[in-house]
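Reader: Please take me through the ligand site. I want to know how each label is earned.

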Amino acid sequence: MSEQHILVVGATSAIAEAALRLWAARGCTLYLLARDTARSEAIAADLRVRGATAVHTGSLDVADFAAHASAVELACTTLGRVDAALIAHGTLPEQARCEVDENYALREFAVNGTATIALAGLIAQKLEEQGHGTLAVISSVAGDRGRASNYLYGSAKAAVSTYLSGLRQRLHGRGIGVVTIKPGFVDTPMTAAFAKGPLWASPERIAHGIVHAIDERRAVVYLPWFWRGIMAMIRCVPEFVFQRIKL
Ligand SMILES: NC(=O)c1ccc[n+]([C@@H]2O[C@H](COP(=O)([O-])OP(=O)(O)OC[C@H]3O[C@@H](n4cnc5c(N)ncnc54)[C@H](OP(=O)(O)O)[C@@H]3O)[C@@H](O)[C@H]2O)c1
């Protein structure tokens, strides 16, 4: 794979950092967009040592919608061309609080859903203008069916997955790839409070899957692969049964 120019939004995420290390080892040119600029500068320094041709950083709190366009514009101008982009930011809202605090629920939906969609739309426009490139976005298996334990997060991810499906169809045949990444349980800071079990994967394993999916321009990837079967079964459970079980 030749040297690529890659933009990563939410670049301080554990999964994003693991993917960035793989791209650095290939000698890619990288642009890290994150709200924690001190942390992204530290990651950038590490990526340079790991072999990246160049690493740039930019600041973006994705909840600041007014800042999206200029942040993406600066990233694309700095990179010169964008061969691949990964949108990786996210939060795991407290579902119980979402049920009683509408403002909190809407803020969390905005970060995980609306902001991701807005950024995907902006980046897709840039890829369209240059006539090539692949956009990958981290959605989640949680978007495949709403569950009592995390349906605010799940509904935001469902919105993202559906948006990407339409975007992929619209851009088909125009040289632009759109990849929907659906991880299952991943051991990252986001899930630090959860007890881990056999279904859990490392961020490194997910990152390998993401980099491969972008290389191959896959459409929808479940990571690890076995989640495709698990979610197919969960989606098949009839609603009158599903509403009685606790997931
Ligand atoms: N971990 C899992 O089990 C799992 C499963 C399925 C999907 N995912 C998805 O995978 C992606 C990466 O998450 P992760 O597991 O790697 O978790 P993580 O290490 O906690 O990363 C989450 C990242 O999102 C960033 N972020 C949150 N709110 C932001 C905002 N307003 N503006 C800018 N950045 C913001 C965080 O930045 P700060 O460092 O500044 O807070 C952090 O870098 C997310 O989309 C997540 O929903 C994770």
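Author: What follows covers the ligand and its pocket. This is a predicted model, where local features need pLDDT of at least 70, side-chain atom pairs count only at pLDDT 80 or more, and totals for chains, interfaces and linings use all residues. Residues are numbered from 1 along each chain as its sequence is written, and side-chain values use heavy atoms, with hydrogens and water left out.

Reader: What makes the pair between threonine 12 and the ligand a polar contact?

Author: A polar contact is a pair of N or O atoms within 3.5 Å. A polar side-chain atom of threonine 12 is 2.6 Å from a ligand oxygen, so the pair counts.

Reader: Which atoms pair up at aspartate 61 and isoleucine 15?

Author: At aspartate 61, an N or O atom of the side chain is 2.8 Å from a ligand nitrogen. At isoleucine 15, a polar backbone atom is 3.2 Å from a ligand oxygen.

Reader: How much of the ligand does the protein bury?

Author: The protein buries 89% of the 890 Å² that the ligand exposes when taken alone. Such areas come from the Shrake-Rupley method with a 1.4 Å probe.

Reader: Why are residues said to surround the ligand?

Author: A residue is near a molecule if one of its heavy atoms lies within 4 Å of it. Here 28 residues surround the ligand, and Thr12, Asp61, Tyr153, Val186 and Thr188 are the closest.

Reader: How does that shell divide into nonpolar, polar and charged residues?

Author: It has 14 nonpolar, 10 polar and 4 charged residues. Asp, Glu, Lys and Arg count as charged.

Definitions and conventions:
A polar contact is a pair of N or O atoms within 3.5 Å; within protein, one must be able to donate a hydrogen and the other to accept it, and residues adjacent in sequence count only if both atoms are side-chain atoms.
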